Amino acid sequence: MATAQTGVRVAGDGYGRPWVVQSNGNIFRFAEGTWRHISGHFAKAIDIGRDANGQDHIFIIRTNGRVARYNGSGFIDYGGGIGDEITVDNRGFPWVLRGAVPYRFDGGRTWTPFWNMRAGVEPEPRTCPALQQ
């Protein structure tokens, strides 16, 4: 019997398994009837997200604000982005919210800010390769 897991952020992967980020940054995944602690390099988070197309792309915002992606055995640095919150689009590209500005990862190491994102208004992208601080 599985015990309950508490967290402050949650995401489900492409296999229907929940992932939980606890208030102390620890990451757990429910698999094979039990909660498994994901440990290792980069395995502390403030937010978690997954792609919208059902693949198993889990991304986190690490405690230092940088983006990392789960590769099946641990988290690896991903694209140099910095943010406070994360989500992932249907192409598997992460979006981060940094302050009040959303940024989209465009591959390579480029994050594009969308400065004029308001309800009903098409966003205006401006490429910002300097985001990789």
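How many residues lie between β9 and β10 in their hairpin, and which residue in the turn has a positive phi? Five residues separate the two strands, and G92 is the turn residue concerned, with a phi of about 90°. The model under inspection is a predicted one, and this hairpin serves as the point of departure.

**First stop: the hairpin and its sheet**

Select residues 85-88, which make up strand β9. In general, the side chains of a regular strand alternate between the two faces of the sheet. In β9, I86 and V88 belong to the covered face, whereas E85 and T87 belong to the uncovered one.

Add residues 94-98, strand β10, to the selection; β9 and β10 are paired in the antiparallel sense, over four bridges. To locate the register, display V88, which has P94 of β10 opposite to it.

Extend the selection next to β11 and β12. The order β9-β10-β11-β12 describes an open sheet of four strands with antiparallel pairing. Its edges are β9 and β12 (111-113), each of which pairs on one side only. Neighbouring strands in this sheet are turned against each other by 25° on average, direction ignored.

At the β12 edge, β11 (residues 101-105) and β12 form an antiparallel pair over three bridges. Here F105 may be displayed together with W111 of β12, the residue that stands opposite.

**Second stop: the nonpolar cores**

Select A11, W19, V21, I27, I38, A45, I48, I58, I60, A68, Y70 and F75. These twelve residues constitute the largest nonpolar core. Two or more of its residues come from each of β2 (18-21), β5 (45-50), β6 and β7 (66-70).

Centre the view on W19, a member of this core. Which residues does W19 contact once its neighbours within four places in sequence are set aside? The contacts include the core residues A11, I27, I38, I48, I58, Y70 and F75. R9, V10, D13, F28 and R29 are also in contact with W19.

A separate core of eleven residues lies apart from the largest one, and among its members are V67, V88, Y103 and F105. Two of these have already appeared on the tour: V88 on the covered face of β9, and F105 opposite W111.

**Third stop: the salt bridges**

The structure contains seven salt bridges; three of them are visited here.

Begin with D13, the residue already noted as a contact of W19. D13 forms a salt bridge with R17, with 2.7 Å between the closest N and O atoms. Is each partner buried or partly exposed? D13 is buried, at a relative accessible area of 4%, while R17 is partly exposed at 22%.

Move to R62 and D77, whose side chains meet in a salt bridge with an N to O distance of 3.1 Å. This pair links distant parts of the chain, 15 residues apart: R62 lies in strand β6 (residues 58-62) and D77 in strand β8 (residues 75-82). R62 counts as buried because its relative accessibility is 9%, under the 20% limit. D77 is partly exposed, with a relative accessible area of 30%.

Finish at R104 and D106, joined by a salt bridge in which the closest N and O atoms are 2.8 Å apart. Both partners are partly exposed, R104 at 21% relative accessibility and D106 at 32%. Before leaving, add R66 to the selection of R62 and D77: salt bridges with shared partners join R62, R66 and D77 into one network.

Key
Residues are numbered from 1 along each chain as its sequence is written. This is a predicted model: local features need pLDDT of at least 70, side-chain atom pairs count only at pLDDT 80 or more; totals for chains, interfaces and linings use all residues. Side-chain values use heavy atoms; hydrogens and water are left out. A salt bridge is a side-chain nitrogen of Lys or Arg within 4 Å of a carboxyl oxygen of Asp or Glu. Buried means under 20% relative accessible area, exposed over 50%, partly exposed in between (1.4 Å probe, protein chains only). Two strands pair if DSSP finds at least two bridges between them. A nonpolar core is a set of buried Ala, Val, Leu, Ile, Met, Phe, Trp, Tyr and Cys residues joined through side-chain atoms within 4.5 Å. Contact means heavy atoms within 4.5 Å. Axes are lines fitted to C-alpha atoms, for helices over the stretch in contact, and angles run from 0 to 180 degrees between N-to-C directions.
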